[in-house]
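Trainee: I would like to go through this model with you and ask, term by term, what justifies each description.
Mentor: Gladly; let us set each value against its criterion before we conclude anything.

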Protein chains: 2
Amino acid sequence: MAEEIARTASLSSSAIRSLSNDARVTALNRIADALRAGKDQILTANRTDLEIAEKTGVATPLIKRLDLSKGDKFDTMVQGVLDVANLPDPIGKVTFANKLDDGLDLYRVTCPIGVLLVIFESRPEVIANITALAIKSGNAVILKGGKESFHSFAAISNIVRDTLAKTDIPSGAVQLIESRQEVSDLLKQDQYIDLVVPRGSNELVRSIKDNTKIPVLGHADGICSLYINADADVSMAARLAVDSKTNYVAACNAIESLLVQRSGLESHLPAVAKALIAAGVTLKVTPEIATALDAVGVDTGGQEGRRVVVPADEQDFATEFLSLTIAVRAVSDVDEAIRHINTHSSKHTDTIVTSSQAVAEKFLNGVDSSGVFWNASTRFADGFRYGFGTEVGISTSKIHARGPVGLEGLTCYQYQLRGSGQIAADYVGAGGQKEFLHEQINI
Amino acid sequence: MAEEIARTASLSSSAIRSLSNDARVTALNRIADALRAGKDQILTANRTDLEIAEKTGVATPLIKRLDLSKGDKFDTMVQGVLDVANLPDPIGKVTFANKLDDGLDLYRVTCPIGVLLVIFESRPEVIANITALAIKSGNAVILKGGKESFHSFAAISNIVRDTLAKTDIPSGAVQLIESRQEVSDLLKQDQYIDLVVPRGSNELVRSIKDNTKIPVLGHADGICSLYINADADVSMAARLAVDSKTNYVAACNAIESLLVQRSGLESHLPAVAKALIAAGVTLKVTPEIATALDAVGVDTGGQEGRRVVVPADEQDFATEFLSLTIAVRAVSDVDEAIRHINTHSSKHTDTIVTSSQAVAEKFLNGVDSSGVFWNASTRFADGFRYGFGTEVGISTSKIHARGPVGLEGLTCYQYQLRGSGQIAADYVGAGGQKEFLHEQINI
């Protein structure tokens, strides 16, 4: 069963990969039309999901997220398909070209990856977005969404398949699966599936990495730091710390650690600590930080009954709190900050506040994270804010795609060599005398 | 022990990543000097390896490959280090830049991957090449070479470490390990090691993929095909088939399958089959091909006692013979050729012979292999022939780096955001009203 699904996807991938951007855009436009026409059908299925969720005691905030009839959610979903359709074509871009010899031209051209297995959360509108991303990038996709929206997913997926049947894209290019067992079986189909994209909890990503040989594009922890160099503008440091920590505490690009240059403990720490405390943050601090805060009269004993400054242990500097808690310590300088971050962070996004360009450049080049920022909130680490038009996900991998991943992350490349009958045996290195030209071709 | 090695590499990686190209080139120049100065020491260690190999009955061709004193092998090894040093710097290249707002500029910049674990064969000169590749690309590397050259490796590695101790590069950036057990333990260190590069047999690559969560850059099978469209120049088709098959049969870019358009069985097959047979190749053919060859009097019974045309079974079209054997079948047209290749090949390199640009473009865009060629031998699929200056290895992965991999394959990228105190909460999507500019910055 899993093998059949994977093989169907692989065969469909072989067909969709050579379709023009026009053909892919036409299909997406038709899908958008069909979704609009099928609104009643989809919302009926969505009500079934909502009823089941209520009966089985799903928490109210989650139920709200499942409801596709709320506000302009449905129209936004359809518009999202059209937005992806209208992005520049990520396929067929020449990224390198080299004339090996007269009449023997090498081109490196972007192409689809092949077959994607995308595992995602329960928000029903997400399936339309992922379908659009896959088709726009010429990939076949196998979809598994959170079970709470299964009826909504099935209704949307049926419309997608029926629509594709009337286009050049084989309907096997988009397949929906239902059970966790199927996911588990599909993770063994490394012969057919080229990339797994899990969008969900860290546990999900780790469990998938543990159980497959297929490459995984995913996001494990988001342990981000903000480092304040002693020459930083104090109010900027406070503002950036508060935004990076509190703008959305559950986000992977929120900071979990605050590093302050030792020589700035008097000049910078008090204002920053007070701003964080005022924003409701609890500080987990080293003894050195506690002493510094005591010295300037920051109330470390409690505020309206809440203890806002508590002792930190070493593990706190490698913890993703995902709450209004931050670990705080001093470092001697930017070099120690870099070492601390490269050792403790999850290599997601880290920022420095400094007025010195030289110190900033040292930080940007020294920190081994997918996002390295200077005088900016870590919360900007996001595909939409980066201007990608869409976000496939966030990657904490060190290869292929890092950080916020746009459509490009669903492409790879192939080498196209256009010759006129040349054989290797005529050239040096393979028995012959001819030398290669190796002249760069202007793209 | 393995964890200590991996952590040392990780710490060293944090230091080497921010060094300038000048610092890396200086280190490589010093290594080249030190290798030249240590020639006697290295050749003495190499003789120890040769003596052990002779005593333990290692095959003569392998012993020849172990001998570093042969011809100009030593000088070539040293020159190889200088050649890599002089390649363009792969680090710090801006590949995307976007103005998010005034004073908030995003740059995507190439950077080292981090820590590499490279497992390679017994040729003693290879360790110098891999060391050079790692240092040039700003990565730390853990090296494991074939045990037959252990003393040579140790001598070279000691010189490298002693030399690095006198440079800005920490000597922990290049570490040599000895045993398979250490490899096995290191494969568990996914916290510290970012990429495994196995250069060796397919079995090695598969076994490593089975035993690690770390991404693997490697090369499994090389099942390549040549497809002859019926409008092809017949003598070109024969020449390309012979070169692709026989120029070096043990190479991964040699063809294992020959596909002939059905309408070309009379016009093209006989000349191509005769040329292959004359070059010593055995054809494993479908009944349809056998009948076609019989009809034109190709001796399918044997030639000087050797049966040169034998029946093929389905499995032969998914087999890497690595010998003077080729599987041959007919297909109705380029579409069937594409489907056959996408289903049976290892997605390495496939070539079409045709005089039609339209047919060729269909093939180039439809075949899902890292190399897709038109009127050229598959044997050109090689980093040196492609003009990369050096080859890290060949990848059959569908993500990160595909096909012959140059220095670029040892890099990834990070996003550097240079701001002036901006916080996300001021912008749309995070609570504010400010719109992003998203203006492309000319690189």
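**Helix contacts, sheets and the two copies**

Mentor: In this predicted model, the axes of α6(A) and helix α7 (residues 150-164) of chain A come within 9 Å and cross at roughly 30°. The crossing of this pair, α6(A) and α7(A), is right-handed.

Trainee: Which residues make the contact of α6(A) with α7(A)?
Mentor: Residues count as being in contact if their C-beta atoms, placed from the backbone, lie within 7 Å. On α6(A) the contact is made by A:Ile127, A:Ala128 and A:Thr131, and on α7(A) by A:Phe153, A:Ile156, A:Ser157 and A:Val160. By class, these residues comprise 5 nonpolar, 2 polar and no charged.

Trainee: What does α6(A) lie across, and at what angle does α6(A) run to β4(A)?
Mentor: Helix α6 (residues 126-136) of chain A lies across β3, β4 and β5 of chain A, and its direction is at about 165° to β4(A). Helix α1 (residues 2-16) of chain A likewise lies across β3, β4 and β5 of chain A, running at about 140° to β4(A).

Trainee: What makes the sheet with the order β5-β4-β3-β6 (chain A) a parallel one, and which are its edge strands?
Mentor: This open sheet of 4 strands has parallel pairing. Strands pair if DSSP finds at least two bridges between them, and strand β3 (residues 115-119) of chain A is joined to strand β4 (residues 140-144) of chain A over 5 bridges in the parallel sense. Within that pair, A:Leu116 stands opposite A:Val141 in β4(A). The edge strands are β5 (174-176) and β6 (195-198) of chain A, each of which pairs on one side only. From one strand to the next, the twist in this sheet averages 20°.

Trainee: How is chain A divided into domains?
Mentor: Its domain 1 covers 2-210 and its domain 2 covers 224-385, and the C-alpha centres of these two domains of chain A lie 38 Å apart.

Trainee: What is the strand order of the open sheet of 11 strands?
Mentor: The order is β10(A)-β9(A)-β11(A)-β8(A)-β7(A)-β12(A)-β13(A)-β16(B)-β2(B)-β1(B)-β17(B), with mixed pairing. At the edges stand β10 (309-311) of chain A and β17 (439-440) of chain B, each with a single partner strand, so one side of each is left without a neighbour in the sheet.

Trainee: Which strand does β7 of chain A join, and by how many bridges?
Mentor: Strand β7 (residues 224-228) of chain A is joined by 4 bridges to strand β12 (residues 349-353) of chain A, and the two run parallel; in this pair A:Ser225 stands opposite A:Asp350 in β12(A). Helix α10 (residues 234-246) of chain A packs on the sheet, where it touches β7, β8 (255-261), β11 (325-331), β12 and β13 (371-376) of chain A together with β16 of chain B, and its direction makes about 165° with that of β12(A). Helix α13 (residues 334-344) of chain A lies across β7, β8, β11 and β12 of chain A, at about 140° to β11(A).

Trainee: How do you know that strand β16 of chain A pairs with strand β13 of chain B?
Mentor: The criterion is at least two bridges, and 5 bridges join strand β16 (residues 411-422) of chain A to strand β13 (residues 371-376) of chain B, the two running parallel. One of the positions concerned is A:Leu417, whose bridge partner in β13(B) is B:Phe373.

Trainee: Why are the two copies described as related by a two-fold rotation axis?
Mentor: Chain B can be laid on chain A with an RMSD of 0.1 Å by a turn of 180° and a shift of 0.0 Å along the axis. The two copies are therefore related as by a two-fold rotation axis. Of the residues of chain B, B:His400 comes closest to that axis, with its C-alpha at 1.9 Å.

Trainee: What makes you say that the copies meet through the same surface?
Mentor: The contact takes 67 residues from chain B and 67 residues from chain A. On the side of chain B that touches chain A, strand β16 (residues 411-422) of chain B gives the most, with 11 residues, and the residues of that side divide into 27 nonpolar, 25 polar and 15 charged. Because 100% of the interface residues of chain B are also interface residues in chain A, the copies meet through the same surface.

Terms used:
Residues numbered from 1 in each chain as written. Chains lettered and ligands numbered in written order. Predicted model: local features only at pLDDT ≥ 70, side-chain atom pairs only at ≥ 80, totals over all residues. Least-squares fit on C-alpha atoms with pLDDT ≥ 70 in both. Contact = placed C-beta atoms within 7 Å. Nonpolar A, V, L, I, M, F, W, Y, C, P; charged D, E, K, R; others polar. Domains from an automatic or database assignment. Axes fitted to C-alpha atoms, helices over the stretch in contact; angles between N-to-C directions. Left-handed = near helix turned anticlockwise from the far one by under 90°.
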